Amino acid sequence: IRLYLNDEQFLNRGLTNENPVLLAKLFDSSGINTSGNGIGHDITAVIDGNESNIVVLNDYYTAERDNYRKGTLRYQLPALTEGKHRLKLKAWDVADNSGEATLDFTVVKQEKLKITNLRNYPNPFTNSTTFSFEHNQPGAALSVEMGIYQSTGRLVKRFRQMVGTAGTRNCQLTWDGTDEQGRKLEKGVYIYRIVIILGNERFEEARQLILF
């Protein structure tokens, strides 16, 4: 069982909005039980350990075409309060074996732009690196401006791009270690400064990366 929120870019302990869509990828060599035959053999979800409010999800599971062994479950979660949450999903195969998976996440309301977990990977890098961040605006188009600077403060590369995803983790921006003229830069430590804008809201942060 693999669990995500909104799309498959989501990472455990990530950031999300207050009404995300639960996305689960299920696989079992014996096949997934969606009939509920046998007491307690449904696909179920529990939020924040509330066992008195178990959600039965059989009807939200769709098997892959011509493949009874795996499929996808999509379920619109109810509005969640701000803060940290934990979701546990349990499923059964047709041989009466069960499996569980948990997902931890933090909810931030969409009314104000929130950006967390800005990073680039790999870091250090040689050929290319990808910049990623988490946000609470699924489906929104975000304006991203980024400058890469030498340790002396000289600007060597600039990016301007509109980005957007169905979920809350973005990793669309990559850099190959070249300057504005396409020349490979020397090995060393560089600073990148990123500005993310949505409407009248603005996020700005600087981080360090290493080219080797």
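What follows walks through a mixed sheet, two buried loop residues, the salt bridges and a surface patch in this predicted model.

The sheet comes first. Five strands make up an open sheet with mixed pairing, in the order 2-9-8-4-5. Its edges are strand 2 and strand 5 (55–56); each has a single partner strand, so one side of each is left without a neighbour in the sheet. At one end of that order, strand 2 (residues 14–16) runs parallel to strand 9 (residues 98–107), with three bridges between them, and T16 sits opposite V107 of strand 9. Strand 9 also pairs with strand 8 (residues 83–92), this time antiparallel and over ten bridges. Here W92 faces S98 in strand 9. Strands 8 and 9 make a hairpin with five residues in between, and D96 in the turn shows a positive phi of about 70°. Moving on through the sheet, strand 4 (residues 44–47) is antiparallel to strand 8 and is held to it by four bridges, with I47 placed opposite L87 of strand 8.

The pairing of strands 8 and 9 comes with a side-chain link too. R86 and D104 form a salt bridge, their closest N and O atoms lying 2.6 Å apart. Since R86 belongs to strand 8 and D104 to strand 9, the pair ties together parts that are 18 residues apart in sequence. The two ends of this bridge sit in unlike surroundings: R86 is partly exposed at 46% relative accessible area, while D104, at 14%, is buried.

Two loop residues are worth a closer look. L57 follows the edge strand, in the loop between strand 5 and strand 6 (61–64), and is buried with a relative accessible area of 0%. Beyond its sequence neighbours within four places, L57 touches L22, I43, T44, A45, L73, Y75 and L89. One of these, I43, is 14 residues away in sequence, yet the C-alpha atoms of the two are 5.3 Å apart.

N136 is the other case. This residue lies in the loop between strand 11 (129–135) and strand 12 (142–150) and is likewise buried, at 0% relative accessibility. What does the side chain of N136 have for polar company? A polar atom of that side chain lies 2.9 Å from the backbone nitrogen of K114, and a 3.4 Å polar contact links the side chains of N136 and Q137. Leaving out residues within four places in sequence, the contacts of N136 include L15, T16 and N17, along with V108, K109, Q110 and T168.

Salt bridges number eight in total. Among them, K25 pairs with E8, with 3.5 Å between the closest N and O atoms. K25 is in strand 3 (residues 21–27) and E8 is in the loop between strand 1 (2–5) and strand 2, so this pair joins parts 17 residues apart in sequence. K25 is partly exposed at 27% relative accessibility, and E8 is partly exposed as well, at 48%. In another bridge, R183 meets D179 with the closest N and O atoms 3.0 Å apart; R183 is partly exposed at 49%, whereas D179 is buried at 7%. R193, R202 and E204 are linked in a salt-bridge network.

Lastly, the surface carries a nonpolar patch made of V189, I210 and F212, which together have about 240 Å² of accessible area. I210 lies in strand 16 (residues 201–211) and is partly exposed, with a relative accessible area of 31%.

Technical notes:
Residues numbered from 1 in each chain as written. Predicted model: local features only at pLDDT ≥ 70, side-chain atom pairs only at ≥ 80, totals over all residues. Heavy atoms only, no water. Patch = residues over 30% accessible without salt bridge, like charges linked within 9 Å, V, L, I, M, F, W, Y side chains within 5 Å. Areas by Shrake-Rupley, 256 points an atom, 1.4 Å probe, with all protein chains shown as cover. Salt bridge = Lys/Arg side-chain N within 4 Å of Asp/Glu carboxyl O. Buried < 20%, exposed > 50% of the residue type's maximum accessible area, 1.4 Å probe, protein only. Pairing = 2+ DSSP bridges. Polar contact = N/O pair within 3.5 Å; in protein donor to acceptor, adjacent residues only side chain to side chain. Contact = heavy atoms within 4.5 Å.
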